[in-house]
Amino acid sequence: MSKINKVVLAYSGGLDTSAIIPWLKENYDCEVIAFVADVGQGEEELVGIEAKALASGASACYIADLKEEMVKDYIYPSLKTGAIYEGKYLLGTSMARPIIAKAQVECALEVGADALCHGCTGKGNDQVRFEGAFAALAPQLTVIAPWREWNLRSREALLDYLAERDIHCTASLEKIYSRDANAWHVSTEGGVLENTWNAPNDLCWVWTKDPQQAPDVAEKVSILVENGEVVAVDGEPMTPYNALNYLNEKGAEHGIGRIDIVENRLVGIKSRGCYETPGGTIMMEALRAVEQLVLDKESFEFRQTLGLKASHLIYDGRWFTPLCQSLLAAADTLAQDVTGEVVIQLYKGQATVIQKRSLNSLYSEEFATFGEDDVYDHSHAGGFIRLYSLASRIRALNSQK
């Protein structure tokens, strides 16, 4: 393998990536540049992160504000497909990884790096997501995955490693849970959740209010959807990121968007996590409500097929593939008429659509009424049913011969 001169590391400021910086310098004798992606994980995660990276031995630290782009170009297209992994997971971590990897590659190319590095473990999905994106966008760059190379296997070992080098780190042995946060969701794994018979405790939820402690009075939000995208909330036009932020605040207050799931990781391991997606849950309900009005039976069935396939492609880190882009394009086409207004009631963990309308609606009160009407001839149904069931009739007649 050729000599590595400069590496761009996906840096979070946590224990793992803090240890990776000196480890790279010692084992590869290279310059390390820290790359930080701001995907809405919170200001507290970013305060002092540049100084921390430099103190760990990085020669520079680049911070990219990706929040608006992530929601507009990654979350909104995914929402149009209706992608929900294994029936419950709204793909919060999965949808953030492609844009982080893309921005990291762009940083590496700009600074003339010859390698990329991430801090993903060998058990998780993220290593596949990052390296799949690297392969699609910059196959000429070497990829370094320390967790598959080094002999540091515990938090104790990592803390000792940093202490030996007099590198300060705010992490401690008391950390119980592993969390990942961005503008779309917060995930919590580990601790009591590793035993599936343990119920989640209060520490497993960090964003949303306990539905039992949520307000006793329901709150309504009005959402305007255009071409399958949320463009205004409560009468105010908003950018994708601002709309998500607004709905996150409303949803979190009412305990919206909590799930406790055991999922199938790509690498074959089952894992359990508590995920919180307050605003995303509300957005998903809004889009599906307008679809109910606008899409005909076959189109809706096809959209469901797209959503199932897209959920696996996004989860498996195959965003930058022709198949994934084709599915996103198909969903975008279906969404061209998905325009309308929805009112959603938020109450103790539930986001319930109570009103919906669209100028493109295929719903007709005249045809759907149970009362007397002059637009539908009931006698026409008989011929339709006879033709629709013709194959069954012929099969039955043959069996009677």
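Just past helix α4, glycine 82 adopts a positive phi of about 75°. The model is a predicted one, and α4 is a handy place to start reading it. The helix covers residues 67-81. With 15 residues at 1.5 Å apiece, α4 should span 21 Å, and its end C-alpha atoms do sit 21 Å apart, so expectation and model agree. Even so, α4 has a bend of about 35° at isoleucine 75, with proline 77 following within four residues. Eleven of the 15 residues of α4 are buried, so the rest of the structure largely encloses this helix. Among the buried ones are Lys67, Met70, Val71 and Tyr74, along with Ile75 at the bend and Pro77 after it. The run from Ile75 through Tyr76, Pro77, Ser78, Leu79 and Lys80 to Thr81 is buried too.

Isoleucine 75 turns up again in the nonpolar interior. The largest nonpolar core has 79 residues, and Ile75 belongs to the group touching the most other members, together with Val8, Ile223, Ile282, Met283 and Ile344. Helix α5, residues 92-111, supplies the largest share of this core, at ten residues. There is also a second, separate core of 32 residues, with Val36, Ala53, Leu162 and Cys169 among its members.

What does isoleucine 344 contact, once neighbours within four places in sequence are set aside? Its partners include Ile223 and Ile282, both of which are also in that best-connected group of the core. Isoleucine 344 further meets Glu219, Lys220 and Val221, then Glu285 and Ala286, and finally Ala351, Thr352 and Val353.

Those last three contacts lead into the sheet, since β14 runs over residues 350-357. Five strands make up this open sheet, paired antiparallel in the order β10-β9-β8-β13-β14. The edges are held by β10 (236-237) and β14, each with a single partner strand, so one side of each has no neighbour in the sheet. At the β10 end, β9 (residues 229-233) pairs with β10 in the antiparallel sense through two bridges. Proline 237 of β10 is the bridge partner of alanine 232.

Histidine 254 occupies the loop linking α8 (240-253) and β11 (258-264). Is this loop residue buried or exposed? Histidine 254 is buried, at a relative accessible area of 2%. Leaving out residues up to four places away in sequence, histidine 254 touches Ala214, Pro215, Val217 and Glu219 on one stretch of chain, and Leu346, Tyr347, Lys348 and Gly349 on another. Glu219 is thus a contact of histidine 254 and of isoleucine 344.

Leucine 137 offers another setting, in helix α6 (residues 126-137). At 33% relative accessibility, leucine 137 counts as partly exposed. Apart from residues up to four places away in sequence, leucine 137 touches Lys102, Val105 and Phe320. Its C-alpha atom is 17 Å from that of phenylalanine 35, a residue 102 positions away along the chain.

As for the cysteines, the structure holds zero disulfides. Cysteine 30 is in none, and its nearest cysteine sulfur, belonging to cysteine 117, lies 8.6 Å away. Cysteine 274 is likewise in no disulfide, with the sulfur of cysteine 204 the nearest, at 4.8 Å. A disulfide here requires sulfur atoms within 2.5 Å, so a separation of 4.8 Å does not qualify. Both cysteines are buried: cysteine 30 has a relative accessible area of 8%, and cysteine 274 has one of 0%.

Methods:
Residues are numbered from 1 along each chain as its sequence is written. This is a predicted model: local features need pLDDT of at least 70, side-chain atom pairs count only at pLDDT 80 or more; totals for chains, interfaces and linings use all residues. Side-chain values use heavy atoms; hydrogens and water are left out. Two strands pair if DSSP finds at least two bridges between them. A nonpolar core is a set of buried Ala, Val, Leu, Ile, Met, Phe, Trp, Tyr and Cys residues joined through side-chain atoms within 4.5 Å. Buried means under 20% relative accessible area, exposed over 50%, partly exposed in between (1.4 Å probe, protein chains only). Contact means heavy atoms within 4.5 Å. The expected span of a helix is 1.5 Å times one less than its number of residues. The bend at a residue is the angle between axes fitted to the seven residues ending there and the seven starting there.
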